[in-house]
Amino acid sequence: PAKVCWYLPIIPRFKRLFANAHDAKNLSWHSDDRKSDGLLRHPADSPQWKTIDRLYPEFGDEPRNLRLALASDGMNPYGSLSSNHSSWPVLLMIYNLPPWLCILRKYIILCMMIAGPRQPGNDIDVYLTPLIEDLKQLWEEGVDVWDANVQQTFRLRTMVFCTINDFPAYGNLSGYSVKGHHACPICEKNTSFIQLKHGKKTVYTRHRRFLKAFHPYRRLKKAFNGSQENEGPPEPLTGNQVHDRVKDIVTVFGKSQKKTSSPNNMWKKRSIFFDLPYWSDLYVRHCLDVMHVEKNVCDSLIGTLLNIKGKTKDGLKCRQDLVDMGIREQLHPISQGRRTYLPPACHTLSTAEKKSFCQCLRNVKVPQGYSSNIKSLVALNDLKLVGLKSHDCHVLMQQLLPVAIRGILPDKVRVAITRLCFLFNAICSKVINPHQLDDLENEAAIVICQLEMYFPPSFFDIMVHLIVHLVREIRLCGPVFLRWMYPIERYMKVLKGYTKNQYRPEASIVERYVAEEAIEFCSQYMETVEAVGVPKSRHDRTRGGQGTRGFNVVTMSRQDVSQAHLYILNNTQEVVPYIQTHKQYLTSINPKLNMMKLLQEHNRTFMNWFKETIMSDDNASKTLRLLAIG
């Protein structure tokens, strides 16, 4: 059956952005207000941005020309009602804006909705055709746009700076086969792989190639694969080299058609993005998504440490692969009759250590809004973590995991895992010193090599391998916080909420999106109406003196108020003489009262007596009068 695609033209919406004076001013922020101190704070600080300005000076001289990031991923509009429906929105982010506005809902533009129930796969180029035509027009010819900020018309041109996708969508958009022996799109044909005989998996090893030339790890044999490493790192392909490899591929779209691939079987098609004249000049055309890399590495790490069934990378088949590879004899399985004994590895945790790990995470308390409730993720009975979301893995890798493994692993393993966490923490920084990137890149290679020494080969899937390439993309494109999927996933959560017609989910999403965009545009002409998709900071009222969180309104009974008033009076130095006088007065009236009865009578009558005494005394101080009133 034919698929349906909704295309929402982008040119009228760019015109509406510049029609708002405030937005038009923000769209030149990267040129007017950005802090330029040599550090990487924004994509405008990156070599890729500067290279486009140098190669195309007519485009770079106009700061209002737009740099865009294109993102697409599958989502299930039915939530948990159905697990086999995949709708694909195509979104645009605007990099001209300040970093705190780039990721907001108002400035993320839905330009296309590809209907399910199946994902488009490699045929996504067919659906992207109208968008690419508009982008090509906006690059070659441009359109006349009214700038409400400076009150003049100018010629607007745009370009796609990069794409942001998870790894399977990376393959669909780039045309590279991200499965199989050569799954790494940066290493390409130089990808080092091993096909495990028993585990039936393809793993990616020999990360010592990425170390410096004379690093001592290169000479080690027993700790790695039994041989020294003398090769250097593979050289990434340039845009022109990629284009030369794919330009002659004949692509036949349609799932029922027989595919025609390139002779080396790594490139499946010529991506439609090569229709854009500048696409071959970009250093990084498709960004690796740090969010999914971090999540997959965290899942593998937690699953292996806690030996979670179905998620651990260690087991009988893995040990049998060690036998075939002829390495780590101390970990080879031992047959004992009908049973097979697996010697514990250096990363194996005892039951007591697993309890310590889980109890540590269960007792963690974090500030409001920092993360989800970590306690709800820990299953103490089963000694495992359940329901980890992407941001939970992010918090674990950034902060909590080094704390949880203290004292429960051998020093070398614990140090390797901690260094991995520190590496992700450095990669995700919002401000990066480019002079430290060489050390950071070397650190990534060292950490992966250390993990290779301690963890089984099956641990090193393609996601672990991609860690060595993350620093390269920071060097060329700037910080990752504007190039990962977190804002895209949050926005797709909003789009899922637009689904009201279960029979036509994509149509209802588009209809409600268009209605919201029209309302947002109209709100610009109403003084008392706030813009849609620009949330107010929850800290604004706190700075103004009105707390928004951290307090509860409690209504006290009259008895509680009286008891509190009496407590204050009994503990105020100025009231002590009156307390003594009142007790003497009660003793004179009732000489037979014991100490207990005297105290009870004093507590019952003192407040009224004290109030009458103070109000009748013209010389009483203002403080005493306030205490008497309460």
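# Sheet, cavities and pocket in a predicted model

An open sheet of 6 strands, with mixed pairing, follows the order β1-β4-β3-β2-β7-β10. The edges of this sheet are taken by β1 (5–7) and β10 (286–287); each has a single partner strand, so one side of each is left without a neighbour in the sheet. The model described here is predicted.

Within the sheet, strand β3 (residues 88–94) and strand β4 (residues 109–114) run antiparallel and are joined by 5 bridges. One of the residue pairs involved is V90 with M112, its bridge partner in β4. Strands of a sheet pair through backbone hydrogen bonds, either parallel or antiparallel. Helix α1 lies across β2 (66–72), β3, β4 and β7 (158–164), and the helix runs at about 160° to β4.

## Enclosed and open spaces

Rolling a probe the size of a water molecule over the atoms shows where empty space is left. In this model the count comes to 6 cavities of 30 Å³ or more. The table sets out the two largest cavities and the largest pocket, with the class of their lining residues.

| Space | Volume | Lining by class |
|---|---|---|
| Largest cavity | about 290 Å³ | 7 nonpolar, 2 polar and 8 charged residues |
| Second largest cavity | about 240 Å³ | 12 nonpolar, 3 polar and 3 charged residues |
| Largest pocket | about 1,000 Å³ | 14 nonpolar, 8 polar and 8 charged residues |

The largest cavity, with about 290 Å³ of space, is lined by 17 residues, and those closest to its centre are L17, K106, Y513, E517 and E520. Two elements, α1 (11–19) and α19 (505–523), give two or more residues to this lining. The largest share, 5 residues, comes from α19. Helix α1 therefore appears in two settings, as a contributor to the lining of the largest cavity and as the helix that lies across four strands, β2, β3, β4 and β7.

For the second largest cavity, 18 lining residues are found, and Y170, P185, V242, W267 and R285 lie nearest its centre. The elements that supply two or more residues to its lining are α8 (167–174) and α17 (467–477).

The largest pocket has 30 lining residues, of which M291, H391, Y486, P487 and R490 are the closest to its centre. Two or more residues each are given to this lining by α6 (99–102), α10, α13 (390–404) and α18 (486–497). Helix α18 provides the largest share, 7 residues.

## Two buried residues

Helix α10 (residues 290–305), one of the elements that line the largest pocket, also holds T304. T304 counts as buried because its relative accessibility is 4%, whereas a residue stays in that class only under 20%. Leaving aside neighbours within four places in sequence, T304 is in contact with K311, T312, K313, H347, F455 and F459.

I374 is placed in the loop between α12 (351–362) and β13 (378–379). Is this loop residue buried or exposed? At 4% relative accessibility, I374 is under the 20% limit and therefore counts as buried. Not counting residues up to four places away in sequence, I374 touches L361 and L400. Along the chain, I374 and K611 are 237 residues apart, and their C-alpha atoms are separated by 53 Å.

Conventions. Residues numbered from 1 in each chain as written. Predicted model: local features only at pLDDT ≥ 70, side-chain atom pairs only at ≥ 80, totals over all residues. Heavy atoms only, no water. 1 Å grid on protein atoms, 1.4 Å probe; cavity = no way out; pocket = protein on both sides within 12 Å on 5 of 7 lines; lining within 4 Å. Points joined across faces, edges and corners; volume = space filled by probe spheres on them. Nonpolar A, V, L, I, M, F, W, Y, C, P; charged D, E, K, R; others polar. Buried < 20%, exposed > 50% of the residue type's maximum accessible area, 1.4 Å probe, protein only. Contact = heavy atoms within 4.5 Å. Pairing = 2+ DSSP bridges. Axes fitted to C-alpha atoms, helices over the stretch in contact; angles between N-to-C directions.
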